[in-house]
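Open the model in a viewer and keep the selection panel at hand. The tour goes from one selection to the next and says what is found at each.

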Amino acid sequence: MTDYKWILLPALIFLISSCNGPALPSDEALEAQERTAVIFPDYKNITIPANIAPLNFEVREEGERFFALLEGENGPSVQLKAKQGIFRIPPKKWTAFLEANRGSQFTVKIYKNDSGDWTAYEPFIVQVADEPIDPYLVYRLIPPGYETWSDMGLYQRDLTSFSEQPIVENRNIEDNCVNCHSFNNGSSEQMLFHIRGSRGGTMIKMGDDIEKVDLKRDETLSAGVYPAWHPSGSFIAFSTNRIEQYFHARPENSIEVLDRQSDLILYDTESKQVTQIPGTEEDDYMETYPSWSPNGRFLYFSRTDADSSTSFDSIRYDIYRTAFDPATGIFGETEPVLLASEQGKSASFPRISPDGRYLLCTLHNYGTFPIWHKEADLCLVDLVTGKSEVPAMINSDDTDSYHTWARSNRWIVFSSRRYDGRYTKLYISYMDTEGQFQKAFLLPQKDPGSNGSFLYSYNRPELITGPVQENVRRWIRTARKE
Amino acid sequence: MHNYYPHQLSHSLGFILVMALAVVIPNKGIRKTGFLAIGVPLIYLVSGGFVWLFCGLVLAEGVLRSRKIDLKLVLFTILYPALIIIVGASLIFLEPLKELAVIQLPFGPEYGNSPWPWIFMGWLFLCMILAGTGDPWKKIKPAWRTLAGTTTCLAVMVLVMHFSYNRKNAEYFQIEKLAVSEDWDGLLQYVEQHPSNNLFGSFYTNLALVKKGKLCKDLFRYFQGYGRRGLCFEWDSKSEIVRRGGDFFWAISFVNEAHHWAFESMIVDGFTQRNLTRLIETELVRENFKIAKKYIDLLGSSMFQRRLADHYRPFLNNPEAIQQDPEFGPRMRFHINNDFFSEDRDLESNLSMLLANNPLNRPAYDYLMALLLLEKKVDKIAGRLPEYIETCNGTLPELVDESLMVYKFTHKEDHLSDIDVSVATMRRFQEYTRILRQYRDPGVAARMLYPSFQNSFWFYLNFSSL
């Protein structure tokens, strides 16, 4: 046998190399298509961060074999062959390719080979931004249920690769609901999430300390619901809500989640005191979705003057802000920021860009829970000029709602139901220095086809600057404490 | 145990696995020690708490065989598995120690505290002790021993079957089987022969009556002890309720609610053929084709459901085909234009709102009238009659006719309903009132009326209190 191996080896190498299929022919031998190839996800003419995971994609065209050529303006080209129409880009090659083209662009050329006949599709461009996106994204994965829940968990995804790690899964906490994870300015060192059920409470991590806190007080409507960390880490604002939910009869709608009462409270992380935020405890208004300005001097929130007698489809929220002095902990005047109700809209989820210039919120026709409103769109408010717009590049015909800013101000990640109308997926968009968003693209997955078969919703995306390194066992042990 | 509702395949497999391993374990020596050293952790990984049964069997066999307690065996069958579980709880698994110690065992509240697993385990140990007594059995010829053993096993099996077999459950499962296969005639025939006083049996009987257009004719022919709940369940997140409750909403073309219940069933039970097909159907009728395709693909990925998935595919992006389909078309046509919130606690309101959108929705109307009959609301029935009779081609079902008779009898001055009672109903009413007047004692009157009027609204009105 030993005598033959030196003969067999070249034959084997030849056989393997011949399995790779034909090489690309010269331009003359190509039949040109005057359109781009249909690909999924739609990565055509988008802007991406230089530290994003490979944009694996699928060609949705009839054909036997597909080839792609990625030609960087500044760097090498990458030639790819598709297996069953799916292009998987080698991570190392991709990282080097993006680094070489950072701040520039590359062209994607797609070719088809059918029984030796070559077709070239119209190429498309991908811009590579200079500014990186925060490397980690935390979200909850949950089947999009209405009243019941089963398995769910909080997960962190390394955006530079396809690695996804659980932070905590509810199967380890007696199947309780875990929700509303929140971070202080994208830091994984200060975070919290709620547990609802037999082990209910709010899990707060401050550096190395983790504690479970019951935020319900006699004078508050409920325990803390929607959280917002003050940048100093000394305070956390929460809404307290009396929530009701109803099921629509019309096929176009599904579920309505309404606040019948809501206020804002402030939790002091040092003294553990809970106080009502002045002006919000009255019954004249309902306030919810608190969000601090990056300098900690304003608390933004959604507010409505609707009361329990107002018809559900006439409840509309505006965005207000209240001044705050972090040194004394005293709140000042309240002023309007976006009077959405004057446009017949309701505004939710206000979030301020890290440079304090922009406010991004969700606009919908009425109510306080846009995630089941198909008409919900993201709205950008320039806090310097006061101008607001609903950017077409990021919005769709379906629900576009919860969002998070990257520390660089240039990236947002938001949740949208545009893919199939039910299972929320995450989209990334670049905002240039003029405040213009670029075309949003789907969070890259190792297998692009998995988007179709995945039966969980991505919930409440939060960009963070480093991974949550807490031991899962510690979360669970703390959660199980009475 | 298999007759018992919460018993799962994993429980049976656990028993079979440990029994098989307890049989094949080497008798003694280093091979037995090695088997235990490797087998115990593996058995725990595969079958969880069943490792205790395995260790118990091995220990009992060892004690019976050697007639003494072997310390090494105790170490391997008690301390070793305990150590594995404690170390597992500290380093590998995230579940609490208490859960890990008994995981997968068919005990505790979730299993309904059934005695059968205990009895079965007792039986295993008893057999072992009997076999271990040795000498007395050796005097019997092997053929007789085999025969006696087999006969004993069969006798025990018959006894267990006798005591554990639940005829009512079996009847109910047959009803559900007929309902799922939409054999409505078969179902009514079966219930006629095997009257069911099970909640789900009552629910499906009423569903079958609606499907056959007989609900307001034969309602009291069948058990109605659950009143409103026999028509439609109140919302409950329990698996057995959400799994079935949506069938009511699908029958009355309340598509959003049918979807809601199927969706909750999917969350509680995971995807099943039943909730997945209902999700597909409701999404197709609502023209949510993207998500319908997702569910069809999911259904088609199961080897046994491909044909069913293929049945649904032609409806994707094809509203015309949906319109023409006998199952989907009416539900698409009964479109709800004036939105309302579904009131799961108020069935009358739900049905009224649905009918305000589509007054010709006969199943919804039948259910509403059945509800009013069950609640003895004769005035409300009379108020609904002009609209209801339109859906019934001008002839009122018997029970509604009987309620109209009562209404006319008690509201002589009031002409709210101009619809006439049929001559046959009037004659029967005269006969009914004649007998009723004849006997002053209600008990005697009921006995006398029962043979001829047990299925009438009048009998229900006078003698049934829910």
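The stops below cover a chain interface, a set of strands, a domain layout and a helix in a predicted model.

**Stop 1: where the chains meet**

Select chains A and B together and display the contacts between them. On the chain A side 24 residues take part, and they meet 23 residues of chain B. Now restrict the selection to chain A and colour strand S19 (235-247) and helix H4 (472-480): each supplies at least two residues of the side that touches chain B. Which element gives the most to that side? H4(A) does, with 4 residues. Colouring this side of chain A by residue class gives 9 nonpolar, 9 polar and 6 charged residues.

**Stop 2: strand S24 of chain A and its partners**

Stay in chain A and select residues 318-325, which form strand S24. Of the 8 residues in S24(A), 6 are buried, so the strand is mostly covered.

Add residues 298-304, strand S23 of chain A, to the selection; S23(A) and S24(A) are antiparallel and are paired over 6 bridges. To see one position in this pairing, pick Phe301(A), whose bridge partner in S24(A) is Tyr320(A).

Next add residues 330-338, strand S25 of chain A, which runs antiparallel to S24(A) and is joined to it by 6 bridges. Here Thr322(A) faces Thr334(A) of S25(A). Follow the backbone from S24(A) into S25(A): the two make a hairpin, with 4 residues between them. In that turn, stop at Gly329(A), where phi is positive, at about 75 degrees.

**Stop 3: the domains of chain B**

Switch to chain B and colour by domain. The domain assignment lists domain 1 (9-133), domain 2 (168-230), domain 3 (239-333) and domain 4 (347-463). How far apart are the C-alpha centres of domain 1 and domain 4 of chain B? They lie 64 Å apart.

**Stop 4: helix H23 of chain B**

Select residues 398-410 of chain B, helix H23. Place a distance between its end C-alpha atoms: they are 18 Å apart, which agrees with the 18 Å that 13 residues should span at 1.5 Å a residue.

Is H23(B) largely enclosed or largely open? Because 10 of its 13 residues are buried, H23(B) is largely enclosed by the rest of the structure. Among the buried residues to show as sticks are Glu398(B), Asp401(B), Glu402(B), Leu404(B), Met405(B), Tyr407(B) and Lys408(B).

Finally, show what covers these buried residues: the cover includes helices H12 (215-218), H21 (362-374), H22 (378-391), H24 (423-438) and H26 (457-463) of chain B.

Technical notes. Residues numbered from 1 in each chain as written. Chains lettered and ligands numbered in written order. Predicted model: local features only at pLDDT ≥ 70, side-chain atom pairs only at ≥ 80, totals over all residues. Contact = placed C-beta atoms within 7 Å. Nonpolar A, V, L, I, M, F, W, Y, C, P; charged D, E, K, R; others polar. Buried ≥ 20, exposed ≤ 12 C-beta atoms within 10 Å, placed from the backbone. Pairing = 2+ DSSP bridges. Domains from an automatic or database assignment. Expected span 1.5 Å × (residues − 1).
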